[in-house]
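Trainee: Could we walk through the charged pairs and one helix of this protein together?
Mentor: Gladly, let's take a look.

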Amino acid sequence: MYRLDPVRAYNLGLVKQIEVASVTDEYNFNAPYIELQNVRATKTKITARAVVDVATSSGVVRKAVTLDRGADLESISGGRELYAGYVVEEINAADGYVQFANGIRVSAGERLGNDPDAILRVQVHETVKYHLEKELSVRKALPEGKRLKVLSLFFIDRVANYYNADGKIRQWFVKAYEELSHKPQYAVLNLPPVDQVHNGYFAQSKDGPKDTSGTSAADDAAYELIIRDKERLMDRNEPLRFIFSHSALREGWDNPNVFIICTLRESRSELKKRQEIGRGLRLPVDETGVRVTNESVNRLTVVANESYRTFAASLQSEIETEAGVSFSDKIHDARKTKKARLVKGWRDNKEFLELWDRIKHKTRYSVAYDTDDLIRKSIEALAHMPSIHAPSIRTDRGLITMTDQGVDTTPQATTESASGYGRIPIPDLIGHLQRETELTRNTLARILTGSKRLPEVAVNPQQFLYHATRALRMALNELMIEGIKYERIDGEAWDMMLFESNEITGYISRMLEVKHSLYDAIEVDSATERSFASALSQREDIRFFLKLPRWFQVETPIGKYNPDWAIVKQNDGEEPRLYLVRETKGTDDIYQLRGSEWGKIRCGEAHFKALPDVDFNRAVSADDV
């Protein structure tokens, strides 16, 4: 039988294309953000799943973590003092909350920290804007007599936020519509007044609309009401174009002329992505009742308060689980693996033994630098660090694409708007920087005042701390590298037999068969690595190469370092040379070892593949290390 799955229907143009407008807070990590996703109990323990802001080497990122009783968010967040006192005291599975030692309680679905209203308000504004832009694009793309009605659908989790006259969602909508509908570019649409363009469809009680689960008898009544109004909603003469609903309107209801869907939820809901977009995926119908196949028109915009990449990942997971679609290359079959085997006679391989004799020795290092040099370099680094921006709400719009390889995204546009978060508390700057750099308070004070950047702290303290920490570390690292001295540790070296005891097993799709290496195959992590290793395997001037194992690490002042590749190259009539390649990316640092001297040559990947174009014979000094 012929099977029409979601991916095939999408690619055949049988449903609308999907784009996601992601509304997220940008640059604002100035409050202890906690989003409690769920609380789960098993026979042996109770845990909670939460999202917190975590400090990483590339900045503060929002990550999901599992919490047990006694978990300390300050430690989990990478030492961010904003979370001081947030130690899990109780996890209550019956009532679905986590109690912290500082008295703060967060319930499942609740978000603590940054003002969620700021994001919801921008979501409303963006939805109205996308709606009006859609009406303009339909007017341009379709001829008179063949045009269609554009509808937008809002999902909300509290009826009172819209139904009450002072409901915040109602007020935000009215303000956004009044502001945007009077702009000159929309005059051609002859837009009706605000009181005629929106309405809510909610479950009813004797006291009026109410919040429900979405599956009650009262929900059935709301469902029937909107079903009866379906034809009226699609009539171009009907001014109503913005629909507000509490539930997902169930799977039995959709409307082909819904082009924008906005989920306004103060808490993260369990609403599935397929259920959410399903309300508007069908191809639209024009005023004559004929399906519209114009690709420029058939696009569904989802306005969400999460990144479009996260949205795409969730959508892919649901399609895999619920529709039985298997995306090739994205999910690896754990049963289809291959083991890399050491080549026959590897213990006697001359090229390998000569290479190993050069790099097997373990070392220790010492570092010397002048404090005044450090202060001078640090002041210069802070003076040139990026500008500090006030927290803002960012909207990223990305197009969802579906292929046999998975659900992916293509960026479309980015806009930012003022957040209105108000005054931001200033943390202990010097205390934080002292913990991150181990410099004295006096040294840090001289650096901060000398940089002339201190006034920017009030603009966005956490962003200032991130950039200042990074600048200070870079200045300190440069000085340490200039003043570093390595010496061998007598009698200590990496054991060659570790290659035999540490097996390499990987997915078949990632294993590449190679020649003149230690193993008959290597595991590659990217297409760049695959092409790099394949070229090395085929070249006659490469006598031997090895992808260095993860256990081969060098101690440095800035952490443990694991080079990617060791390569022995010999041109005709020349002595062989050893090159260590740090990473296989678009541009590589290639380290040359000649005798006991080390040198670094900056070299683009394309040049490395054509080695004669690079002057590897030029002198390099130890200062280049």
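What follows is a short set of questions and answers on salt bridges and a helix.

Mentor: Before we start, this is a predicted model, where local features need pLDDT of at least 70, side-chain atom pairs count only at pLDDT 80 or more, and totals for chains, interfaces and linings use all residues. Residues are numbered from 1 along each chain as its sequence is written, and side-chain values use heavy atoms, with hydrogens and water left out.

Trainee: How many salt bridges does a search of the whole structure find?
Mentor: Side chains of opposite charge can pair when their charged atoms come close. Here a salt bridge means a side-chain nitrogen of Lys or Arg within 4 Å of a carboxyl oxygen of Asp or Glu. Searching the whole structure gives 24.

Trainee: Which residue meets Arg435 in a salt bridge?
Mentor: Arg435 sits in helix H12 (residues 429-437), and its partner is 354 residues apart from it, in the loop between helix H2 (73-76) and strand S5 (88-92). Helices (H or I, at least four residues) and strands (E, at least two) are DSSP runs, numbered from the N terminus. At 3.2 Å, N to O, the partner is Glu81.

Trainee: Is Glu126, which forms a salt bridge with Lys129, buried or exposed?
Mentor: The two residues are 3 apart in helix H3 (residues 116-141), so about one helical turn separates them. We call a residue buried under 20% relative accessible area, exposed over 50% and partly exposed in between (1.4 Å probe, protein chains only). Lys129, at 23%, is partly exposed. Glu126, at 6%, is buried.

Trainee: Where is Asp541, the salt-bridge partner of Lys569?
Mentor: Their N and O atoms are 4.0 Å apart, and both residues are buried. Lys569 lies in strand S27 (residues 565-569), whereas Asp541 is in the loop between helix H16 (527-538) and strand S24 (542-547).

Trainee: Why do the buried residues of H11 line one face of the helix?
Mentor: Those residues are Leu374, Ile375, Ser378 and Leu382. The arc is taken from the directions running from the helix axis to the C-beta atoms. Seen down the axis of H11, the buried residues line one face because they fall within an arc of 95 degrees.

Trainee: Which helices do the buried residues of H11 pack against?
Mentor: Contact here means heavy atoms within 4.5 Å. The buried residues of H11 pack against helix H13 (441-451) and helix H14 (461-482).
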